[in-house]
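Open the structure in your viewer and switch to a cartoon display. Keep the selection tool at hand.

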Amino acid sequence: MAYFENKVELLGGDLILYQRNLATAVPNVKSHRKPKWYMKLRLGPRKFVNRSTGLTIYEDAYAFARKEYDRLSNAVALGHTLEDFTFEKHWEDWYQRNLNNRTWAADRQRWHKNQAGRYYKAYFRYADGTSMRLNDITPIFAHAYWDWRIAYWSTQRGEKLSDYNPKRRRAKTVSTHNAAKVPSRKTLQMDQTALNQIFHDARERGRIQQVFKLKPPADSRPHNRRPHFEPDEHKSLTAYLRSYRDVIGHFKNDKVNAWHKMQRTQLYHFIIFMLNSGLRLGEAREMRWRDIKFDEVDKEHAEPICVVGVRKATKTSQNRDVQTQPNANKTLKEWKDKSPYTGDNDLVWFGQQKAGSAPKPFTDLNKSFQTFLSRVPVEGAKDGLLYNKENEKRSIYSLRHTYATIRRSHGVEYPDLALNMGCRREQLEKHYDHSTSNSRRSNIVKVNPKAKAAAPVATDTNDPFLLEAMKRFQAGQIDKETLLALLKPNKTES
């Protein structure tokens with residue numbers, strides 16, 4: 001019995017439709033589904049495509065095959081690939097090539113992998129759960145990603161993920177609420193950059209024929225000041241940090257072991273350093289002792305500072321020198337006297353590791369910091385300093401914003417501060433500058449001094465008329481000019 005059945009040749013043999021004899025192809029199966037139509041396309045010398053149409057009705061299969069023949073013929077003419085890539089298959093190839101080329105730092109690699117796993121692959125797929133073919137992704141469908149992404153954590157799927165985190169099965173809580181319900185403009189812009197890179201790469205390699213460029217919708221939300229510490233909160237923070245470090249007072253705990261005490265000491269010096277340097281968290285994570293120049297002296301300032309060389313393998317992929325405040329110089333010197341790792345190439349801030357192994361960068365000091373903040377006693381606040389008055393949650397990044405606030409309050413100009421913090425002036429004005437009307441009070445409430453109008457000098461007189469005029473002037477019933485006219489001596493007629 002023939003393997004191929006109902007073979008139909010079209011377009012001079014360039015398009016062939018046929019069905020498989022399932023009794024011959026799968027002889028051990030007692031019953032078979034209705035056979036599907038397959039297509040064989042000849043697109044040029046040694047260029048053939050042979051695949052299923054997925055359809056059982058001839059007329060539907062012919063319409064599909066003819067559309068594919070036209071599309072693939074056009075692709076051959078334009079020099080595109082004939083291999084049918086899905087979004088997921090192309091992403092895996094794109095991601096691996098970037099890893100091989102060392103395009104990204106380690107944290108950026110994790111970000112791309114996590115974003116694709118959570119969002120991109122979940123959106124660009126068919127209703128049956130399979131990944132979409134690149135050429136089935138239309139501009140309309142691609143741009144609809146933004147509505148889906150913005151509403152993601154409000155959907156049933158997102159809420160289920162929020163309430164369950166498999167990495168915390170044995171913890172006191174199993175929920176994860178780190179993701180914002182509505183993503184910020186910056187988050188959507190990062191998605192925009194990644195997706196446009198993915199689709200541009202697909203276009204460059206001839207894997208997708210349509211050209212489109214994604215752009216997130218405009219965000220009408222105001223750019224509010226980011227969470228930071230007000231002066232009184234800053235003072236309370238540093239005061240209780242000392243208690244936390246020394247395990248006394250409010251943070252006394254007799255069960256703290258030696259390693260935990262070391263972690264507390266490190267967190268103390270880390271926070272003081274961040275408040276006085278304005279570094280990003282990722283930049284501080286990569287710091288090594290050889291990157292620090294201690295006791296640098298400026299002729300205009302009495303106290304020495306330290307200068308930190310930021311490594312290239314951080315967010316901006318650029319080296320820069322950061323001028324710190326005197327307290328950063330002091331706290332780093334104190335920490336070096338206590339740290340078990342003080343070699344030139346040792347990490348300044350480290351995480352927990354096995355005994356005898358080299359220190360590794362810390363993974364997440366933010367959790368320890370937020371736990372500490374929640375325990376700082378603040379009247380009327382059950383979570384201590386963890387939330388600001390707008391109920392926004394603080395993090396280690398709040399230290400960078402606090403640094404910017406303090407520097408601006410001391411009159412540091414935008415260009416100098418932007419240079420030291422490794423960002424643009426526009427970012428400072430939008431997110432980091434916390435100057436309020438309080439800091440500009442003198443300029444706001446000042447008035448132009450006006451010379452007081454000299455009151456007419458009353459001379460000794462018993463004239464009832466003049467006394468009455470003076471009385472009415474003082475009561476505001478007559479003006480100065482009228483009074484002066486009344487006080488002028490009368491001219492005698494000649």
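The tour of this predicted model visits a sheet, then a helix that packs on that sheet, then another helix.

**Stop 1: the sheet.** Select residues 4–10, 15–20, 37–44 and 47–52, which are strands E1, E2, E3 and E4. In which order do the four strands of this open sheet lie? The order is E1-E2-E3-E4, and the pairing is antiparallel. Strands E1 and E4 are at the edges with a single partner strand each, so one side of each has no neighbour in the sheet. On average, neighbouring strands of the sheet are turned by 15° against each other, ignoring direction.

Strands of a sheet pair through backbone hydrogen bonds. Zoom in on E3 and E4: these two run antiparallel and are joined by six bridges. Show Arg-42 and you will find Phe-48 of E4 opposite.

**Stop 2: the helix on the sheet.** Now select residues 58–77, helix H2. Which strands does H2 touch? H2 touches E1, E2, E3 and E4, and its direction makes about 25° with that of E3.

**Stop 3: helix H9.** Move on to residues 231–246. Helix H9 has 16 residues, which at 1.5 Å a residue should span 22 Å; the C-alpha atoms at its ends are 23 Å apart, so the two values agree. Colour the buried residues of H9, among them Leu-237, Leu-241 and Tyr-244. Glu-233 and Arg-245 are also buried. What covers the buried residues of H9? The cover includes helix H10 (258–275), helix H13 (365–375) and helix H14 (397–409).

Finish with Val-247, just after H9, where phi is positive at about 55°.

Methods: Residues are numbered from 1 along each chain as its sequence is written. This is a predicted model: local features need pLDDT of at least 70, side-chain atom pairs count only at pLDDT 80 or more; totals for chains, interfaces and linings use all residues. Side-chain values use heavy atoms; hydrogens and water are left out. Two strands pair if DSSP finds at least two bridges between them. Axes are lines fitted to C-alpha atoms, for helices over the stretch in contact, and angles run from 0 to 180 degrees between N-to-C directions. Contact means heavy atoms within 4.5 Å. The expected span of a helix is 1.5 Å times one less than its number of residues. Buried means under 20% relative accessible area, exposed over 50%, partly exposed in between (1.4 Å probe, protein chains only).
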